[in-house]
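These are my notebook entries on a structure that I looked up and read through. I set down each point in the order in which I examined it.

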Amino acid sequence: MKNKALTTFMATAITATLVVPAPIASAASSDSVSNHVKQQIAAITPAGEAVTITNVTSDKVSTSNGQYRIGSAVKGLFSTDNRTALSNAQATIVVRGGEITSVTSLTLSKAGSNKKSVVFNGGAAKIAGTLTVNGDYTKVENVTVTGELIVSSRVKKAVTLENVTVEETITLKSLQLKKLDWLSVVLQDVKSSKVSVQRSKVRLTSDQTISSVTVLDKVINLDLYSNADKLVVDVEKDFSLYGEGKIEQITVKRGAKVALDSGHQVTKTQVDDSKASVTLPTANKEELAKLLASPPYVAVSTYGYEVSNTAKWTTQADRVIFDSIITSSRLILNNSKATQAQVNTAITQYKNALAAYQAVQKVGTKYGATDKNSLQALINSIQLVTVSVNGYELGNNVPWTTQAERNAIEAAITSARNVINNYYSTTNDIINASNSLNNAIQVYQNAKRNVSNGSNGYNTDRNALSVLINSVQYVAVSDNGYGLGYNVPWTTQAARNTIDIAVEYARNTVNNSASTATDIANASSYLNNAIQVYKTAQKNNTNGYYTDTTTLQQRITTAWAEYQNTYASPSGNGSEVIWGTPWVPQSYSTNLYNAIQYAQTVVNSSYTDYNAITQALNNLNNALSAFYNAKR
């Protein structure tokens, strides 16, 4: 009894001791002063009694040093609900007047099982020091720990912390075994936590962002399922990161082969150890790839007159703006070194561009078949022809198809009539039926034959091919039209060679007695196409002016390659561009695109003259020169 009274007196006396003022120090000695103050504070802080807890009642705690009343500040720690968790727990307690006023350390050794955990509920109280967990399958909740929370090497399976505030570090102590199980560490509603991992095979899960995770010494792996502000790798040998989540920064201070290519999204990676071989995290491009797989383009038009009233359109300028974002996003997608931040920016820019592109879309004004009368009119327009196996029995120029081709068009007609006769058919049903029937009509028209393998139509078809050959009208051959009179039509030698080959092929077919009706039909088709190409290639000379578009077309090809391979910066300053990627401000890219489009229109026009070609070439050269000067 005298010893307890003396202990109480000493605690009271120590508490009442005055703090000796520290000597005035310079800035250079501030650290030593700080340490000096800490030593003084430690000197006047009650050391407390080291006890083993044997029992807990509603108002008292039984320990190896006797019984103590429970003070209000620690009431939550010594709740009777914690009787199991506190069984044989070791604690350092501060006692005043026989009452526990503070707990400066607590070690929980009672273990649970995989079916039922041992729960320690702090009741929102505070441990003014260190909390150590020795028991497996322990759950600690509703407590503040001003010092360190240690999960000792005796914990091999699982530990859970819920609504726990740890002012210093959650330390997972080292455990070196040949056969080591994965330790599950679950943090629930644990905010601003700092975790020190000193053992391998830890599966760390948190529903809150972890402030920092430090991996130390002999640790070879970590399975992290959480977001984290920082991950520091400071290990002796190889290390592998697993799991998923978002990590703002990973710093590799030390290590041999460090594999960081987990499922995490990592904003920044810093490698301090020049000797470490680091496999960097790969950016997740899945969403970006899906967005770019099939951009939702609509028709391009000036006024929308030729666009169906069921479809949408934009101007060419709006399309170019959207295309430029797609081009820049694809550069990010195809860049193996792109960071997650760059990928996320590309996704955001694409979505914003898509929203803007869709906002300017307009509905076309061309009428489409959206009523039953139009569908009926389409049915009535179909002209069925004779059915035959090979046309042998038919007269000259009698159109025919096979029975299978006839069956196909009749099936399409029947489907269309069913839609007309269905009272509940919607506008979409009618449109779909019209489209299907139009397609079937096209197939049926292409299947019609006027040629018979019999004698009735065969010779006539051969004669028709001869007539087609004789209808070819040749024009002068020239490289550029120089020396020819005004409006004298001409083509290049290459164009003349193409038509000559087609004519020669047709003549050989006519003169070959073994040619079949199919041979004659193929030769006719080939020659017809060649005649059309030859007519398109013809140019009318204008007083000897140079009207060849070859140079302009070559310049278009050069300009288009530059446009395609250079990123267009929407910001105009290249802030979003990956280092090493060529770029120009958006305005220069758009200007070059418009010049290319105008030049291509001049090339494609059958009324192109010298002045138009010269103007288009000058315009394109100026735009390309400005593009080159702006290129970074």
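In which strand is Lys194 found? I located Lys194 in strand β13, which covers residues 194–197. The model is a predicted one, and I kept this in mind for every entry below.

**Entry: Lys194**

I looked up the exposure of Lys194 and found a relative accessible area of 35%. I therefore entered Lys194 as partly exposed, since that class lies between under 20% for buried and over 50% for exposed. I then listed what Lys194 touches, leaving aside residues up to four places away in sequence: Glu167, Glu168, Thr169, Ile170, Ser211 and Ser212. For Glu167 I also noted the separation from Lys194, which is 27 residues in sequence and 8.6 Å in space, C-alpha to C-alpha.

**Entry: confidence**

I next checked how far the coordinates can be trusted. The chain averages a pLDDT of 84, and 86% of the residues score at least 70. Among the elements, I found the lowest mean pLDDT, 39, in helix α1 (residues 2–16). Strand β7 (residues 130–133) has the highest mean, 97. Over residues 1–34 the pLDDT stays under 50, and the model has 16 contacts beyond four places in sequence for this stretch. I found residues 41–45 below 50 as well, with three contacts in the model beyond near neighbours in sequence. Where pLDDT is low, the predicted coordinates should not be read in detail.

**Entry: the chain as a whole**

I recorded 14 helices and 31 strands for the chain. Of its 632 residues, 39% count as buried. The accessible surface comes to about 33,900 Å², and carbon and sulfur atoms hold 50% of that area. I also looked at contacts between residues at least 6 apart in sequence, and 49% of these join residues at least 24 apart.

**Entry: Gly129**

Is Gly129 buried or exposed? I read a relative accessible area of 12% for Gly129, so this residue is buried, the cut-off being under 20%. I placed Gly129 in the loop between β6 (118–127) and β7. Not counting residues up to four places away in sequence, Gly129 touches Val103, Thr104, Val145, Thr146, Gly147 and Glu148. I computed no further pairs, but noted that Leu106 lies 23 residues from Gly129 in sequence and 8.2 Å from Gly129 in space, C-alpha to C-alpha.

**Entry: positive phi values**

Most residues other than glycine have a negative phi, and most peptide bonds are trans. I noted Tyr137, whose phi is positive, near 50°. Tyr137 sits in the loop between β7 and β8 (138–145). I noted Asn163 too, with a positive phi near 50°. Asn163 belongs to strand β10 (residues 158–166), and at 36% relative accessibility I entered Asn163 as partly exposed.

**Entry: cavities**

How many cavities of 30 Å³ or more are there? I found one. The volume of the largest cavity is about 50 Å³. I listed its lining as Ser324, Thr327, Tyr563, Gln564, Thr566, Ala568 and Ser589. The elements that give two or more residues to this lining are α4 (316–333) and α12 (550–564). By residue class, I entered two nonpolar, five polar and no charged residues in the lining.

Methods. Residues are numbered from 1 along each chain as its sequence is written. This is a predicted model: local features need pLDDT of at least 70, side-chain atom pairs count only at pLDDT 80 or more; totals for chains, interfaces and linings use all residues. Side-chain values use heavy atoms; hydrogens and water are left out. pLDDT is the predictor's confidence in each residue, from 0 to 100. Helices (H or I, at least four residues) and strands (E, at least two) are DSSP runs, numbered from the N terminus. Contact means heavy atoms within 4.5 Å. Buried means under 20% relative accessible area, exposed over 50%, partly exposed in between (1.4 Å probe, protein chains only). Accessible areas come from the Shrake-Rupley method with a 1.4 Å probe; for residues, only the protein chains shown count as cover. On a 1 Å grid over the protein atoms alone, a cavity is a set of points where a 1.4 Å probe fits but cannot get out, and a pocket is an open set with protein on both sides within 12 Å along at least five of seven lines; lining residues have an atom within 4 Å of a point. Grid points are joined across faces, edges and corners, and a volume is the space filled by probe spheres set on the points. Ala, Val, Leu, Ile, Met, Phe, Trp, Tyr, Cys and Pro count as nonpolar, Asp, Glu, Lys and Arg as charged, and the others, Gly among them, as polar.
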